[in-house]
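Let's take a walk through this structure together, one piece at a time. Keep the 3D view open so that you can follow along.

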Amino acid sequence: MQRQSLVIANWKMNGSRHLVKQLAKTLRDAPEVLADVTVAVCPPAVLLAAWQSEVFYDQVHLGAQDVNENAAGAHTGEHSLDLVAEAGAEYVLVGHSERRQFYGDTEQRIQAKVAAALSASETKFKVVLCVGESEQEREAEQTMQVVQAQLESALQNVSSAQMAQVVVAYEPVWAIGTGKTASPAQAQEVHAFIRQWLQQKYDVAGTSVPLLYGGSVKAENAETLFAEADIDGGLIGGASLEPEAFLAICRAAQARRS
Ligand SMILES: O=C(CO)COP(=O)(O)O
């Protein structure tokens, strides 16, 4: 089955209004890439509005890097689904390893965030569930166990119909921001495992879920990673802050289709 190529920029706590303009222009100038590849950008929430005035949603989609599981209320510093939707977000990242490690994203909270995002009635959010093992876990040969436990927990109450809104991103923690990329074979092995798990639980709906690889994806390694059967695109950190590099990665995802 040929799934649509998808590339998502995660700016993390980086970027500026200037960079919004630069990257938006670079992408707008490559309509032939945007015609073939779904591209989304997750800037810091305060820059969503700047993006909103630069792009049309059929060109570039917007996403939030995280969201609070509550609908509203006394949660200083947090953003609700309604707030990020109003700022143009159609995608939400959930369970990024940096949030799991440093900002209190327990399995329970991740499950609640996934459930909240999937049941939001006004916006049909796309939820990008991030999973991945630490270096220690890989060395102890626990990669599949860890990834399976993360999937089982986050998707526990998610139905087959809701899976049309889910994307899974495999991001090995040891490859994030380290310059150490998983080899295409290492990434494919885990992606195939995730695909199999999804198909077992969700049948056909599991086949259609886009699977992204993230962790030191660069213009130089994107094409070989995206050539793997179960890698449908990437979740890009550092390289998404360099417009030309990010565009080159989107082109690599486009090449995957031909
Ligand atoms: O965490 C990532 C994207 O969410 C990957 O970050 P890098 O591409 O900087 O390694």
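Start with strand 3 (residues 61–64), which runs parallel to strand 4 and is joined to it by 3 bridges. Do keep in mind as you look that this is a predicted model. To find the register of this pair, go to G63: its bridge partner in strand 4 is Y91. The chain does not pass straight from one strand to the other, since strand 3, helix 4 (residues 81–86) and strand 4 form a β-α-β unit, and this unit is right-handed.

Stay with strand 4 for a moment, because its other pairing is worth a look too: strand 4 is also paired with strand 5 (residues 126–131), again in the parallel sense, through 4 bridges. Here L93 is a handy landmark, with V128 as its bridge partner in strand 5. How many of the 6 residues of strand 4 are buried? The count is 5, so strand 4 (residues 89–94) is mostly covered, with a residue called buried when 20 or more other C-beta atoms lie within 10 Å of its own.

Now zoom out to the whole sheet. In general, strands of a sheet pair through backbone hydrogen bonds, and they can do so in a parallel or an antiparallel way. In this model, 8 strands close into a barrel, the pairing is parallel, and the order is 1-2-3-4-5-6-7-8. From one strand to the next, the twist averages 25°. You can see another piece of this barrel where strand 1 pairs with strand 2 (residues 37–42) in the parallel sense over 6 bridges. Within that pair, V7 stands opposite V39 in strand 2.

Next, turn to the helices. Two packed helices are described by the angle between their axes and by the distance between those axes. For helix 1 (residues 17–28) and helix 12 (residues 243–255), the angle is about 35° and the axes are 9 Å apart. The crossing of helix 1 with helix 12 is right-handed. On the helix 1 side, the residues that meet helix 12 are Q22, L23, T26 and L27, while helix 12 brings P243, E244, F246 and L247. Sorted by class, this contact has 5 nonpolar, 2 polar and 1 charged residues.

Leading into helix 1 is a spot to check on the backbone. K12 lies in the loop between strand 1 (5–10) and helix 1, and K12 has a positive phi of about 50° although it is not a glycine. Is K12 buried, exposed or partly exposed? K12 is partly exposed, because 18 other C-beta atoms lie within 10 Å. D203 also has a positive phi, near 60°, and is a residue other than glycine. You will find D203 in the loop between helix 9 (184–202) and helix 10 (204–207). D203 counts as exposed, because it has 11 C-beta neighbours inside 10 Å.

Finish at E135, in helix 7 (residues 135–139). With 13 other C-beta atoms within 10 Å, E135 is partly exposed. Which residues is E135 in contact with, leaving aside its neighbours within four places in sequence? They are V173 and W174. As for P172, E135 is 37 residues away from it in sequence, yet their C-alpha atoms are 7.9 Å apart in space.

Notes:
Residues numbered from 1 in each chain as written. Predicted model: local features only at pLDDT ≥ 70, side-chain atom pairs only at ≥ 80, totals over all residues. Buried ≥ 20, exposed ≤ 12 C-beta atoms within 10 Å, placed from the backbone. Helix = DSSP H or I, 4+ residues; strand = E, 2+ residues; numbered from the N terminus. Pairing = 2+ DSSP bridges. Right-handed = clockwise from strand over helix to strand, strands pointing away. Axes fitted to C-alpha atoms, helices over the stretch in contact; angles between N-to-C directions. Left-handed = near helix turned anticlockwise from the far one by under 90°. Contact = placed C-beta atoms within 7 Å. Nonpolar A, V, L, I, M, F, W, Y, C, P; charged D, E, K, R; others polar.
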